[in-house]
Amino acid sequence: MRIDIVTIFPEFFSVLDVSLLGRARQSGIIDLGVHDLRDYAYDRHRTVDDTPYGGGAGMVMRPEPWGDAIDGILYASEGRGIVDPVILFPSPAGELFTQSLAQQLSTEQQLVFGCGRYEGIDQRVVDYAATRARVKLVSMGDYVLNGGEVATMAMIEAIGRLIPGVIGNPASLVEESHSDGLLEYPSYTKPATWRGLAVPPVLMGGNHGAIAAWRREQQLERTRRVRPDLLPPE
């Protein structure tokens, strides 16, 4: 998969050089490009924002640098033979990012993330991008961040680990939270007793049927207690 990121803080994404995603880049499973939006600014001060039309607090990111950045990325993609990329703009006004959406996006050939700042990006950037590629506004939840970088990093982590070859044991993805619509069951390891707290005996009995039933019940109980909205109506 090819991933491109447009941001005014390119150094933020140096973390993608470590851990599983770093190894995925080294092995060629993920191809990453991080683009500094200020490189596309028109003035010597590398200005990428201006006051909003209609008044109001804060600044809005100008369309010109964004348009040139998007054009340059998509032009390079055509040279790589990539067709029909997806452009993602993290936004509290977007659709909720879910495990299901992460799974869907993990099958795409290219993802382009546009990290907004200040009071957001000029709406014409989104409208223009939609004439060049598929566009999604995506929200991490009902809260507001200072910019799109943190949300983009979270989405890349969630999407990237679903790409075949990134996780060493693909079976480990099957029983995670949200993989089947429920929260994950609790996990335990050695020692069997720690600070007066014991591992549930069923996990040490060797009865795989009983273990599977216990884990399923734990999923249901935890989901009822923490996220009842995930359960189907009774």
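Which residues are linked with Arg2 in a network of salt bridges? Arg2, Asp4 and Asp31 form that network. A salt bridge here is a side-chain nitrogen of Lys or Arg within 4 Å of a carboxyl oxygen of Asp or Glu.

This is a predicted model, where local features need pLDDT of at least 70 and side-chain atom pairs count only at pLDDT 80 or more, while totals for chains, interfaces and linings use all residues. Residues are numbered from 1 along each chain as its sequence is written, and side-chain values use heavy atoms, with hydrogens and water left out.

**Exercise 1. The sheet**

Task: work out the strand order of the open sheet, then its edges and its pairings.

Solution.
- Step 1. Fix the terms. Strands (E, at least two residues) and helices (H or I, at least four) are DSSP runs, numbered from the N terminus. Two strands pair if DSSP finds at least two bridges between them.
- Step 2. Read the order. The open sheet has 5 strands in the order 2-1-6-5-7, and the pairing is parallel.
- Step 3. Find the edges. Strand 2 (31-36) and strand 7 (134-139) each pair on one side only.
- Step 4. Check the twist. On average, neighbouring strands are turned by 30 degrees against each other, direction ignored.
- Step 5. Go through the pairs. Strand 1 and strand 6 run parallel and share 5 bridges. One of the links is Ile3 with its bridge partner Leu111 in strand 6.
- Step 6. Move to strand 5. Strand 5 and strand 6 pair in the parallel sense over 3 bridges. Val86 has Leu111 in strand 6 as its bridge partner.
- Step 7. Finish with strand 7. Strand 5 pairs with strand 7 in the parallel sense over 7 bridges. Here Leu96 has Ser139 as its bridge partner.

In general, strands of a sheet pair through backbone hydrogen bonds, either parallel or antiparallel.

**Exercise 2. The nonpolar cores**

Task: find the largest nonpolar core and the elements that supply it.

Solution.
- Step 1. Define the core. A nonpolar core is a set of buried Ala, Val, Leu, Ile, Met, Phe, Trp, Tyr and Cys residues joined through side-chain atoms within 4.5 Å. Buried means under 20% relative accessible area, exposed over 50%, and partly exposed in between (1.4 Å probe, protein chains only).
- Step 2. Give its size. The largest nonpolar core has 28 residues. Ile5, Phe97, Phe113 and Ile159 have the most contacts inside it.
- Step 3. List the suppliers. Two or more residues come from each of strand 1 (2-7), helix 1 (19-26), strand 5 (86-96), helix 3 (99-105), strand 6 (110-114) and helix 5 (149-160). Helix 5 gives the largest share, 6 residues.
- Step 4. Look for another core. Apart from this one lies a core of 19 residues, among them Ala41, Met61, Leu74 and Val125.
- Step 5. Zoom in on Ile5. Contact means heavy atoms within 4.5 Å. Not counting residues up to four places away in sequence, Ile5 touches residues including Phe13, Leu32, Val34, Phe113 and Ile156.

In soluble globular proteins, nonpolar side chains tend to be buried together.

**Exercise 3. Salt bridges across the chain**

Task: locate the salt bridges of Asp71, Glu95 and Asp229.

Solution.
- Step 1. Start with the total. The whole structure has 17 salt bridges.
- Step 2. Take Asp71. Its side chain meets that of Arg132 in a salt bridge (2.7 Å, N to O). Arg132 lies in the loop between helix 4 (123-129) and strand 7, and Asp71 in helix 2 (residues 63-79), so the pair ties together parts that are 61 residues apart in sequence.
- Step 3. Check exposure. Arg132 is partly exposed, at 32% relative accessibility. Asp71 is partly exposed too, at 27%.
- Step 4. Look around Asp71. Leaving aside neighbours within four places in sequence, Asp71 is in contact with Tyr128 and Arg132. Asp71 and Ala129 are 58 residues apart in sequence and 8.9 Å apart in space, C-alpha to C-alpha.
- Step 5. Take Glu95. The side chains of Glu95 and Lys136 meet at 3.4 Å, N to O. Glu95 sits in strand 5 and Lys136 in strand 7, 41 residues apart. Glu95 is partly exposed at 37%, and Lys136 is partly exposed at 22%.
- Step 6. Take Asp229. Asp229 pairs with Arg227, with the closest N and O atoms 2.9 Å apart. Asp229 is exposed at 54%, whereas Arg227 is partly exposed at 31%.

Definitions and conventions: Axes are lines fitted to C-alpha atoms, for helices over the stretch in contact, and angles run from 0 to 180 degrees between N-to-C directions.
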